[in-house]
Amino acid sequence: DESNNLALYTLAVLPFADVAVASAGLTLLPSQPAPGAPQQVQAVVRNLGAQAAHDIVLCLFEGSAETGVAVGNDQVVAELAAGAETTLTWNWTFGL
């Protein structure tokens with residue numbers, strides 16, 4: 001009997017992970033470095049989405065990504081839960 005083959009199920013779909021680094025989440029130490037001076041940058045990485053994010057690769061550049069110089073090595077966050085944040089730190093010599 002084909003008249004009773006109907007089944008309904010409500011399925012909740014979560015939005016994807018949404019990883020972000022805002023300019024307000026960047027801290028320079030010291031805040032006004034001199035060329036050739038040691039510099040540290042801390043970046044707060046947030047997952048604004050509803051699912052965990054995995055294997056996030058973050059790169060820091062002095063200048064733009066297209067024409068600037070990479071600062072240190074890329075850093076990888078293995079997992080960042082929904083709504084979570086973590087702080088990454090890079091050390092380099094400013095202006096070189």
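Here are some exercises on the model above, each with a worked solution.

**Before you start**

This is a predicted model, where local features need pLDDT of at least 70, side-chain atom pairs count only at pLDDT 80 or more, and totals for chains, interfaces and linings use all residues. Residues are numbered from 1 along each chain as its sequence is written, and side-chain values use heavy atoms, leaving out hydrogens and water.

**Exercise 1: backbone oddities**

Which two residues does a cis peptide bond join, and what is the phi of Asp 55?

Solution, step by step:

- Start at Leu 29 and Pro 30: a cis peptide bond links them, with omega about -5 degrees.
- Now place Pro 30. Its home is the loop between strand 2 (26-29) and strand 3 (38-47). Strands here are DSSP runs of E, at least two residues long, numbered from the N terminus.
- Move on to Asp 55, in strand 4 (residues 53-58). Its phi is near 55 degrees, a positive value in a residue other than glycine.
- Why look twice at these spots? Because most residues other than glycine have a negative phi, and most peptide bonds are trans.
- Finally, Asp 55 counts as exposed because its relative accessibility is 57%. The scale goes like this: buried is under 20% relative accessible area, exposed is over 50%, and partly exposed is in between (1.4 Å probe, protein chains only).

**Exercise 2: the nonpolar core**

Work out which residues touch the most other members of the largest nonpolar core.

Solution, step by step:

- First, the term: a nonpolar core is a set of buried Ala, Val, Leu, Ile, Met, Phe, Trp, Tyr and Cys residues joined through side-chain atoms within 4.5 Å.
- The largest one has 13 residues, and those touching the most other members are Ile 56, Leu 58, Leu 60, Val 77, Leu 88 and Trp 90.
- Two or more residues apiece come from strand 3, strand 4, strand 7 (75-80) and strand 8 (85-93).
- Zoom in on Val 77. Setting aside residues up to four places away in sequence, Val 77 touches His 54, Asp 55, Ile 56, Leu 58, Thr 86 and Leu 88. Contact means heavy atoms within 4.5 Å.
- As background, nonpolar side chains tend to be buried together in soluble globular proteins.

**Exercise 3: polar side chains, buried or exposed?**

Decide whether Asn 47 is buried or exposed, then do the job again for Gln 75 and Gln 39.

Solution, step by step:

- Asn 47 sits in strand 3 and is buried, because its relative accessibility is 2%.
- Next, find its partners. A polar atom of the Asn 47 side chain lies 3.0 Å from the backbone oxygen of Leu 80, and the side chain also reaches the backbone oxygen of Ala 81 at 3.4 Å. For such a polar contact, a pair of N or O atoms must be within 3.5 Å; within protein, one must be able to donate a hydrogen and the other to accept it, and residues adjacent in sequence count only if both atoms are side-chain atoms.
- Beyond four places in sequence, Asn 47 has further contacts, including Ala 17, Asp 18 and Gly 83.
- Gln 75 belongs to strand 7 and counts as buried at 19% relative accessibility. Its side chain has a polar atom 2.7 Å from the backbone oxygen of Thr 89.
- Gln 39, in strand 3, is buried with a relative accessible area of 3%. Among the residues it touches beyond four places in sequence are Pro 30, Trp 90 and Phe 94.

**Exercise 4: the salt bridge**

How many salt bridges does a search of the whole structure find, and which side chains meet there?

Solution, step by step:

- Define it: a side-chain nitrogen of Lys or Arg within 4 Å of a carboxyl oxygen of Asp or Glu.
- The search finds 1 salt bridge, where the side chains of Arg 46 and Glu 85 meet at 3.0 Å, N to O.
- Arg 46 is in strand 3 and Glu 85 in strand 8, so the pair ties together parts 39 residues apart in sequence.
- Check the cover: Arg 46 is partly exposed, with a relative accessible area of 32%, and Glu 85 is partly exposed too, at 47% relative accessibility.

Notes:
Helices (H or I, at least four residues) and strands (E, at least two) are DSSP runs, numbered from the N terminus.
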